[in-house]
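Student: Please take a close look at the salt bridges of this structure, and then place them beside a description of its sheet. I should like a connected account rather than a list.

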Amino acid sequence: MAIPVLRSLTLKQATHAVLAAFVIGLTITAAEFFWTATRERTMALAQMEDLAILVEGPAANATWLIDGELAGQVLQGLVRANAAWAEIHLGDGTLLARRERPAKPMNLLERAATALLFADRPMVTHELTAPAGMAKVETDKVETGKAADGPRIGKLVVGIDTERAASGFLAYASTALVAGTLRNLLIGLVMAAVFHRLLTRPLLQIGRAVARIDPEKPYGQPLAVPRGHADDELGFVIARFNHTLTLLEREHEELRRMATRCPLTGLANRALLLDRLDHAIELVNRARGPDAGRLAVLYVDLDRFKRVNDSLGHGVGDLLLCRVAERLGASVRRCDTVGRLGGDEFLVVLERVTDRDEAAMVAQRLLDGLSSLREVGDHRVHVTASIGIAIHPLEGNGKAPDSTGLMRMADSAMQAAKAADGDRFVFYTRDMTDRAETRLRLESGLREAVAARSFDLVYQPKIEAASGRLTGFEALIRWRHEGAAISPADFIPVAEDTGLIIEIGRWVLEEACRTATRWALDHGPVPVAVNVSARQLADPGFARLVEQVLQRHGTPPRLLELEITETVIMKDVRHHLPTLNRLRALGVRIAIDDFGTGYSSLAYLRQLPVDVLKIDRSFVNDLPHAPDIASTVIALAQRLLLSTVAEGVETAEQRHWLAEAGCDVLQGYLISRPLAAEAAETMVMTAFARDEALPLSA
């Protein structure tokens with residue numbers, strides 16, 4: 001890129017050099033002017049002094065004789081000899097004679113020079129003494145150049161011709177100024193040429209050399225040191241620049257490796273995988289034909305890898321990932337690519353596979369290789385994986401996916417393998433994408449619903465089995481998306497996976513406590529049960545949240561019941577026990593939901609701060625024909641002094657059997673479907689009006 005002339009360093013350099021020369025030259029010239037002005041003044045005074053001495057004798061005679069005519073002749077001679085004016089005064093101060101040169105008009109410069117040289121109007125004064133004798137006086141003047149001693153009879157005053165001195169000074173000054181200007185200009189140009197030769201031209205050479213460097217490969221192109229600058233500052237700058245290029249080459253190689261390789265395992269990272277996959281797809285698309293091979297993408301995800309990190313530590317987990325990477329690399333061909341996407345997810349790109357069977361054979365080999373990995377460091381492990389396989393091109397699919405689309409297909413197949421308990425491979429099918437897209441839409445809508453709080457709570461009543469009196473409600477969340485009601489069984493798992501369940505659970509808790517408080521103030525105390533998810537219970541701040549919500553809405557703790565599924569509680573009893581104890585200390589009731597569907601240790605069950613066991617609807621559905629499990633749960637609860645609630649009661653036979661068996665509370669469509677808040681409040685109002693609400697102490 002060319003530099004504009006007005007902005008070039010050469011012009012700036014020349015300008016500054018000339019300015020510097022002029023400043024220095026003018027300073028010197030000003031000093032010379034001052035010295036010259038002083039000299040001119042001194043010379044003018046000395047000249048007048050000499051003239052005064054020359055005429056001192058005749059002036060003394062004229063004064064002694066008081067001869068005005070003679071005095072005038074003497075003074076006229078002084079005026080003709082460059083004096084501006086001259087006077088002779090007698091001893092008593094009387095003016096004897098005066099002569100002066102007619103003044104000429106002066107211009108501005110001459111007046112300025114006169115003011116500079118003779119601001120005080122200088123003059124020469126000589127005292128005149130009486131001569132001893134005319135002959136002797138004349139002899140003394142000739143021999144000694146001064147009057148003999150005698151009484152003072154007057155004085156001679158001579159004025160300096162300032163106009164002539166100023167004119168001479170101006171003539172000298174103008175000549176000196178022109179000469180100085182030419183000298184300063186010449187010095188400035190010479191300085192600019194020298195600077196250009198020593199600095200600007202080498203810099204231009206360096207700039208052109210830098211401009212020729214390829215930005216894609218800057219290293220390997222060191223700059224040459226301009227001649228004569230190997231040991232000065234320019235040589236130092238170029239040496240440092242070349243050293244920086246060398247360092248840049250090393251750093252670039254390291255960055256290239258880091259940008260394309262996983263720093264832990266050394267496998268290809270996502271960027272390199274996508275590049276290799278794009279290349280492989282392009283080769284397959286070009287070679288389409290009866291004998292053309294196919295491309296297989298295997299998405300590998302380790303099963304239960306989080307447990308290794310949690311139990312053995314991240315150090316062992318990282319070592320396991322490195323061992324897994326080695327096994328995967330050893331199980332494929334050199335032409336295939338193995339990479340790590342992140343975490344415990346890997347991708348294998350198989351080029352030129354003949355059919356699905358060959359891809360399946362490689363997938364099984366990968367599973368076998370991982371399952372044979374028994375030890376990591378000093379720890380024994382059991383490694384399995386879920387593998388999703390996507391084949392390109394797909395049979396009957398005219399649309400060719402890109403690398404991202406093919407990875408997404410393999411990911412969908414892997415999710416299906418993991419949903420089937422892992423340790424297997426699954427081929428991609430079209431309906432997997434449909435399910436994934438449906439889930440994505442559901443997740444997007446759920447996020448919007450959480451932000452807008454566009455949920456509803458319905459309340460399903462619970463009654464006492466023996467008397468039919470109202471004992472409370474269970475708050476159930478409902479959501480309508482795109483005009484259709486979405487089942488909680490569909491969106492609650494999505495909320496769990498995405499973590500949105502925390503916000504949703506907080507909203508449900510707030511609404512339930514607000515409703516319970518309003519009912520208690522308007523009608524009477526009726527407990528409301530709220531379901532708690534695994535993520536909520538695992539949150540260390542959950543108990544504090546419950547306490548804050550109760551305080552914020554003024555809800556008595558006995559009006560809130562938290563329902564937690566048996567699977568959630570028993571998954572990590574020791575971790576959940578402090579939270580449950582703190583909730584129980586607040587006065588909140590705790591119920592185990594879906595009891596009997598999981599595996600409960602009776603020892604832990606005795607330690608848990610639980611108030612209620614809820615019999616799962618799957619056991620209630622078998623009543624009264626298969627009552628074994630339901631009767632066992634009721635008996636267990638009675639022995640542990642716990643209340644029982646039967647879910648899903650839909651027939652009179654079920655209700656009768658449960659009442660006879662000693663079940664405390666019933667809940668189901670036979671009693672009532674879930675009600676909107678207004679209908680539930682009407683039911684509360686009616687129950688208290690008829691005295692059909694069960695006291696809390698019951």
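Tutor: Helices and strands are here runs assigned by DSSP, at least four residues of H or I for a helix and at least two of E for a strand, numbered from the N terminus. The model is a predicted one. With the elements so defined, Glu 547 and Arg 544 both belong to helix α17, residues 542–553, where they are 3 residues apart, about one turn of the helix. An α-helix has 3.6 residues a turn, so residues three or four places apart point the same way. Glu 547 and Arg 544 form a salt bridge, with 3.3 Å between the closest N and O atoms. Arg 544 is partly exposed, at a relative accessible area of 36%.

This pair belongs to a count of 22 salt bridges. Side chains of opposite charge can pair when their charged atoms come close. Another case is Glu 474, which forms a salt bridge with Lys 614, the closest N and O atoms lying 3.2 Å apart. Glu 474 is in strand β13 (residues 470–481) and Lys 614 in strand β18 (residues 612–615), so this salt bridge ties together parts that are 140 residues apart in sequence. Buried means under 20% relative accessible area. Glu 474, at 4%, is therefore buried, and Lys 614, at 0%, also counts as buried.

Lys 614 has a further partner in Glu 647, with the closest N and O atoms 3.3 Å apart. Here too distant parts of the chain are linked: Glu 647 sits in the loop between β19 (643–646) and α23 (652–661), and Lys 614 in strand β18, 33 residues away. Both Glu 647 and Lys 614 are buried. These residues belong to a network of salt bridges that links Lys 462, Glu 474, Glu 561, Glu 563, Arg 589, Lys 614 and Glu 647.

The sheet can now be set beside this network. Strands of a sheet pair through backbone hydrogen bonds, either parallel or antiparallel. An open sheet of 5 strands runs in the order β6-β7-β5-β10-β11, and its pairing is mixed. Strands β6 (337–342) and β11 (424–427) stand at the edges with a single partner strand each, so one side of each has no neighbour in the sheet. From one strand to the next, the twist averages 20°. Within this order, β5 (residues 294–302) and β10 (residues 385–392) pair in the antiparallel sense over 8 bridges. In that pairing, Ala 296 stands opposite Ile 391 of β10.

Two helices lie across the strands. Helix α10 (residues 314–330) crosses β5, β6 and β7 (345–353) and runs at about 5° to β7. Helix α11 (residues 356–371) lies across β5, β7, β10 and β11, at about 160° to β10. At the N-terminal end of α11, Asp 355 acts as a cap, a side-chain oxygen lying 3.2 Å from the backbone nitrogen of Asp 357. At 1.5 Å a residue, the 16 residues of α11 should span 22 Å, and its end C-alpha atoms are indeed 22 Å apart. The buried residues of α11 are Glu 358, Ala 359, Ala 360, Val 362, Ala 363, Leu 366, Leu 367, Gly 369 and Leu 370. These buried residues pack against β5, α10, β7, β10 and β11.

Conventions. Residues are numbered from 1 along each chain as its sequence is written. This is a predicted model: local features need pLDDT of at least 70, side-chain atom pairs count only at pLDDT 80 or more; totals for chains, interfaces and linings use all residues. Side-chain values use heavy atoms; hydrogens and water are left out. Two strands pair if DSSP finds at least two bridges between them. Axes are lines fitted to C-alpha atoms, for helices over the stretch in contact, and angles run from 0 to 180 degrees between N-to-C directions. Contact means heavy atoms within 4.5 Å. A salt bridge is a side-chain nitrogen of Lys or Arg within 4 Å of a carboxyl oxygen of Asp or Glu. Buried means under 20% relative accessible area, exposed over 50%, partly exposed in between (1.4 Å probe, protein chains only). The expected span of a helix is 1.5 Å times one less than its number of residues. A polar contact is a pair of N or O atoms within 3.5 Å; within protein, one must be able to donate a hydrogen and the other to accept it, and residues adjacent in sequence count only if both atoms are side-chain atoms.
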